[in-house]
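Me: Please take a close look at a single part of this structure, starting from one loop position, and then lead me outward to whatever surrounds it. I would like one connected explanation, with each term given its cut-offs as you go.

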Amino acid sequence: MKKILFSLVALLISVSAVALTPTHVRVNPASGDPILFSFESQPEIAFLADGIKVTSSGAEPLTLTFDALTDIDFVSPEGVQSLADDVIKVNTYADRIEFSNIPQGVSLTLYSLSGQILYNATPAGEASIYKTDYPRGVYIVVIGSTSFKLSF
């Protein structure tokens, strides 16, 4: 009986491990939908002086500057899901940072690292912070009970 139980546990662990194994490279541009490259198409990522170039068999090469790129990660199809409707979304552009899906009545505050409030508003779902209004540096953004660091 112990042998059968052990075999079932081992099988369950191996199936779980296979399910979590990544099968795609996901490139997340700063604007637009993520782009998936299957491992079967043998994607290659080359780092350029100002960005990346992704090539794979059967697809046009994709070139993005670092400013146009959010991140690159490895996912399995089960892990590729759209964001939940209640998630605050942040998109960065050359001249501004846009926040969307902000709950009604929730304030957005931009702080300097010294704690000074630089921007405070209670937007109706969306807000933009223009980079030219502030010197280059690191800032803290607080939206309701969510906080994160921005650098621009």
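Reply: Start at Gln-42, which sits in the loop between β2 (35-38) and β3; strands here are DSSP runs of E, at least two residues long, and helices are runs of H or I, at least four long, both numbered from the N terminus. This is a predicted model, in which local features need pLDDT of at least 70 and side-chain atom pairs count only at pLDDT 80 or more, while totals for chains, interfaces and linings use all residues. Residues are numbered from 1 along each chain as its sequence is written, and side-chain values use heavy atoms, with hydrogens and water left out.

What is notable about the backbone of Gln-42 is its phi, near 50 degrees, which is a positive value in a residue other than glycine. Gln-42 counts as exposed because its relative accessible area is 60% (buried is under 20%, exposed over 50%, and partly exposed in between, using a 1.4 Å probe and protein chains only).

From Gln-42 we can step across to Ser-56, which belongs to the loop between β4 (51-55) and β5 (62-65). Apart from residues up to four places away in sequence, Ser-56 touches Phe-37, Ser-41, Gln-42 and Pro-43, where contact means heavy atoms within 4.5 Å. Ser-56 has a relative accessible area of 13%, so it is buried, whereas Gln-42 is exposed at 60%.

On the other side of our starting loop lies strand β3, residues 44-47, which contains Ile-45. Ile-45 has a relative accessibility of 30% and therefore counts as partly exposed. If its neighbours within four places in sequence are set aside, Ile-45 is in contact with Val-25, Ile-52, Lys-53, Val-54 and Ile-72. With Val-25 the separation along the chain is 20 residues, and the two C-alpha atoms are 9.6 Å apart in space.

The strand before our loop, β2, brings us to a sheet: three strands form an open, antiparallel sheet in the order β2-β1-β6, and two strands count as paired if DSSP finds at least two bridges between them. Its edge strands are β2 and β6 (69-75), each of which pairs on one side only. Strand β1, residues 24-29, is joined to β6 by six bridges, and the two run antiparallel; within that pairing, Val-27 has Ile-72 of β6 as its bridge partner. Ile-72 is also one of the residues that Ile-45 contacts.

A comparison further along the chain may help, since Asn-101 likewise has a positive phi, near 65 degrees, without being glycine. Asn-101 is in the loop between β8 and β9, and it is partly exposed because its relative accessible area is 29%. The strand before that loop, β8, takes part in a hairpin with β7, with three residues between them. Four bridges join β7, residues 89-92, to β8 in an antiparallel arrangement, and Thr-92 stands opposite Ile-97 of β8.

Now consider the interior. The largest nonpolar core has 13 residues, of which Phe-99, Leu-108 and Val-141 touch the most other members (a nonpolar core is a set of buried Ala, Val, Leu, Ile, Met, Phe, Trp, Tyr and Cys residues joined through side-chain atoms within 4.5 Å). Two or more residues each are given to this core by β8 (96-100), β9 (108-112), β11 (126-130) and β12 (138-143), with β12 supplying the largest share, three residues. Beyond the residues up to four places away in sequence, Val-141 touches Phe-99, Leu-108, Thr-109, Leu-110, Thr-146, Ser-147, Phe-148 and Leu-150. A second, separate core has eight residues, including Phe-37, Ile-52, Leu-64 and Leu-69; this leads back to where we began, for Phe-37 is among the residues touched by Ser-56, and Ile-52 is among those in contact with Ile-45.

Finally, there are three aromatic pairs (rings of Phe, Tyr and Trp, the last by its six-membered ring, pair if their centres lie within 6.5 Å, and planes under 30 degrees apart count as stacked, over 60 as edge-to-face and the rest as tilted). Tyr-139 and Phe-152 are stacked, because their ring centres are 4.9 Å apart and their planes meet at 20 degrees. Tyr-139 lies in β12 and Phe-152 in the segment after β13 (146-151), so that the pair links parts of the chain 13 residues apart. Both are buried, Tyr-139 at 5% relative accessibility and Phe-152 at 12%, and ring pairs join Tyr-134, Tyr-139 and Phe-152 into a cluster.
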